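Reader: Could you take me through one part of this structure slowly? I would love a close look at the place where the two chains meet, and at any empty space around there.

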2 protein chains.
Amino acid sequence: MASEKKEARLRGRPSGKRPARSSSAASSTAPAVASTGKRTTIMDVAREAGVDFSTVSLALRKDPRIRTETRERIEAAAKKIGYYPNRLARSLSGGATRVIGVMLTEMSRFFATPLEEFQRVGEAAGYTLSVHFSWWDMERERKGMQQFCENCVEGVIWAPDVFDTSLRETATLLHNAGIPAVLLGLIHDDDTRTVPCHQIGIDIRSGLRLGLEHLLSLGHRRIAIATAAGMEGKRGDMFQLRLRILRELFSELGLPLADADTFLATDHEHGGIEIAMQLARRPRADWPTAIFAAEDSLARGLAKSLHALGINIPGDISLLGYHVGSDELMGPVPLTTVSLESGNFATRAIDLLIGLMRKKTPAIPHQIITVPSTIIERESCASPG
Amino acid sequence: MASEKKEARLRGRPSGKRPARSSSAASSTAPAVASTGKRTTIMDVAREAGVDFSTVSLALRKDPRIRTETRERIEAAAKKIGYYPNRLARSLSGGATRVIGVMLTEMSRFFATPLEEFQRVGEAAGYTLSVHFSWWDMERERKGMQQFCENCVEGVIWAPDVFDTSLRETATLLHNAGIPAVLLGLIHDDDTRTVPCHQIGIDIRSGLRLGLEHLLSLGHRRIAIATAAGMEGKRGDMFQLRLRILRELFSELGLPLADADTFLATDHEHGGIEIAMQLARRPRADWPTAIFAAEDSLARGLAKSLHALGINIPGDISLLGYHVGSDELMGPVPLTTVSLESGNFATRAIDLLIGLMRKKTPAIPHQIITVPSTIIERESCASPG
DNA sequence: CGACTCTGTCCAAGCAAATTG
DNA sequence: ACAATTTGCTTGGACAGAGTC
């Protein structure tokens, strides 16, 4: 019986397949699956090299127990028959799938750079990305997370965009599955803090406040707001939120804010021209001395438009941007802007996650990191007059 | 010996774990992994329900061989101890991973809608997305595809953006692995056609030609071009290409094209204002009667800018857009545009791929589908004068 | 010469499910 | 409803054979 078993091991699978030698007439790049319909396995390599299949496993992962000469022979055999490992089997046995789950609400421009960043850092650390969109449907999000668990992802990055009570349940789901997770990009109000999950968030209020204080310190007293609060959908909600916070900050700081100085565009990308024209039609004496555009793409469009209309930045008017993504185009005037500190917050998120995945013990007291904003002074803001 | 084996089966794993009953004091949502560090398996459910683990396997997939009563008992037990299946094991045994690999060059705005579309259609068909970016690095692309193979994805969608000889090798790699693939969005010149892979592509030339012919048929004889050929990077290359083709088409159609009527912006999103201002500064007699903006985002910005400057579309000038993605915002004037036929070409790609994955035999003669363009007539184009 | 490391290789028990008799 | 087998790989331990004291 023992010999029969050994025989089976050498044959690989029980099907009466011809020994590999017979394929020596084939081209050097063996069409592993396409012809036979069966993927080549470690057993095929073992047969080809004349060793036990476990030796192949050890050799291919450069285990010191295998002599160099033997290893090279095995590697040659593997290459010859076009073998590559089956990660499913490897993961099932070894535990690590090397997959990170990424749960986003939608593929907005806002997440483009973060997503690339997850890939860049993840790839360097040997991870692959599994991406899922929820479209703000919490049930879809939960199901996606469930799939992440079933697929044994090793970590999850998660940007739900808005607070919802279901976040707590989802976080618990992940926690029970032993999967470290990083919640990305929420504002850190009290509700958010109760979600039991590591968090990297943005403090919109303090960023906007920083911007206003910067303009105040330059001597501006009549500051206008430009935002795309007229946009539809969730994106518009975010601009609405910024507008609301800005209004609160104006009153906190004792600044007046005329309705005429609250410019609401319907589109953050192409809305700049509307605002520029509104401004241009007014008598110069009735201009604010600075505009705080609560989104960089709007600020860039505004800069281009003002420039095209012959309005000088910052000579005639100062322009301050605000952004939470990464820097992009400069436009006609290098834009002074409120920016997240220490580069990209997406990088911090993926770095944190990879750290959590490495040490198997997920620190129970969840880190809640608020990425502070900073002013990047370029050329679009100056003192008035 | 047999009884010993049975004992092992019932115990599940060899570690001297306490029977599940002892956890009955725990909360209803059992913290499966978080406490023990071990995931609950089908064996745990079996022990809880007092049946064999294979019975659990059958019951959870509603096999008719299992009595309803037993099944319900098993389902209750599974729920109680927080069991969910391990797809790794399921895939290893059953073959289907239900994962689609998506290989993109970068997370540009261009791919946002397609990516969401892959998720939407894929999710409906029970698939999950594994996303990888190559950043035009063909070696990185090859490695990513290799990983897709190792991870046993069931299909690949692939948008390399530019033709490269390595595409042939990569296609062969996938073919040898028996993984159906759809190559997305290349122009179908002769080089592209030699890549042994199903393809869904865009015929830029015929789309642009259609646009020009539409303007001609409306009576326009002096047509301007607007494109963001001044942009940097790969995106700029694409606009350069459109510009080159447009120039060729002008000469083929015997149309004059003055340099003054070739508007080159440096930014497709905020470039509209520059062009609008250039136009506004000219005497009215020196205007073209129509502008063909070779990218919808540029066209929208241009529409907004012209509108803001008091220039009437299409009364004063007609504006024709061009796009290969999905429709977005309308702007001040609903834009007449050259669009891909039958909706979204991304949908066609994912539909094709899912079809290929279903029938295991990948049709050897590769389909090369060129998605034709069509004119969507809205309100921004009219006859001149 | 036997007890002793080493080495290089092999064995078999896993991993968590599906499948089939 | 159960038992046995299968999937492809990892891994700790077993086990020869060579080298050392």
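Author: Happy to help; what follows is a walk through the meeting of the two chains, then the cavities, and then a few local details.

Please keep in mind that this is a predicted model. Let us begin with how the two copies are arranged. Two copies of a chain are related by a rotation about an axis and a shift along it. Here, a turn of 180° with a shift of 0.0 Å along the axis lays chain A on chain B, with an RMSD of 0.3 Å. The two copies are thus related as by a two-fold rotation axis. If you want to find that axis on your screen, look for S130(A): in chain A, its C-alpha is the nearest to the axis, at 2.1 Å.

Now to the interface itself. How many residues of chain A are in contact with chain B? There are 59, and they touch 59 residues of chain B. Of the interface residues of chain A, 100% are also interface residues in chain B, so the copies meet through the same surface.

Counting contacts is one way to describe an interface, and area is another. The size of an interface is often given as the accessible area lost when the parts come together. Between chain A and chain B, about 5400 Å² is buried, and carbon and sulfur atoms give 56% of that area. Three residues are worth picking out: L88(A), H270(A) and K304(A) supply 13% of the area that chain A buries against chain B, more than any other three residues.

Charged side chains also meet across the interface of chain A and chain B, where the rule finds seven salt bridges. One example to look for is the salt bridge between the side chains of E150(A) and R87(B), with 2.8 Å from N to O.

Next comes the empty space. Rolling a probe the size of a water molecule over the atoms shows where empty space is left. A search of the whole structure finds five cavities of 30 Å³ or more. The largest cavity holds about 280 Å³ of space. It is lined by 20 residues, and the closest to its centre are V99(A), N151(A), L88(B), V99(B) and N151(B). Which elements give two or more residues to this lining? They are α6 (87-94) and β2 (128-133) of chain A, together with α6 (87-94) and β2 (128-133) of chain B. By class, the lining of the largest cavity has eight nonpolar, ten polar and two charged residues.

The second largest cavity has a volume of about 90 Å³. Among its 15 lining residues, the closest to the centre are E269(A), H270(A), S305(A), H270(B) and S305(B). You have met H270(A) already, as one of the three residues picked out for buried area. The elements that give two or more residues to the lining of the second largest cavity are α13 (272-281) and α14 (296-308) of chain A, with α13 (272-281) and α14 (296-308) of chain B. Of these, α14(A) gives the most, with three residues. By class, this lining has two nonpolar, ten polar and three charged residues.

Finally, follow the backbone onward from α14. In chain A, the loop between α14 and β9 (318-322) contains P314(A). The peptide bond from I313(A) to P314(A) is cis, with omega near 0°. Chain B has P314(B) in the loop between its α14 and β9 (318-322), and a cis peptide bond joins I313(B) and P314(B), with omega about 0°.

Another backbone detail follows β2 in chain A: W135(A) sits in the loop between β2 and α8 (138-150). Its phi is near 50°, a positive value in a residue other than glycine. For context, most residues other than glycine have a negative phi, and most peptide bonds are trans.

Notes. Residues numbered from 1 in each chain as written. Chains lettered and ligands numbered in written order. Predicted model: local features only at pLDDT ≥ 70, side-chain atom pairs only at ≥ 80, totals over all residues. Heavy atoms only, no water. 1 Å grid on protein atoms, 1.4 Å probe; cavity = no way out; pocket = protein on both sides within 12 Å on 5 of 7 lines; lining within 4 Å. Points joined across faces, edges and corners; volume = space filled by probe spheres on them. Helix = DSSP H or I, 4+ residues; strand = E, 2+ residues; numbered from the N terminus. Nonpolar A, V, L, I, M, F, W, Y, C, P; charged D, E, K, R; others polar. Least-squares fit on C-alpha atoms with pLDDT ≥ 70 in both. Contact = heavy atoms within 4.5 Å. Buried area = accessible area lost by both parts, 1.4 Å probe. Salt bridge = Lys/Arg side-chain N within 4 Å of Asp/Glu carboxyl O.
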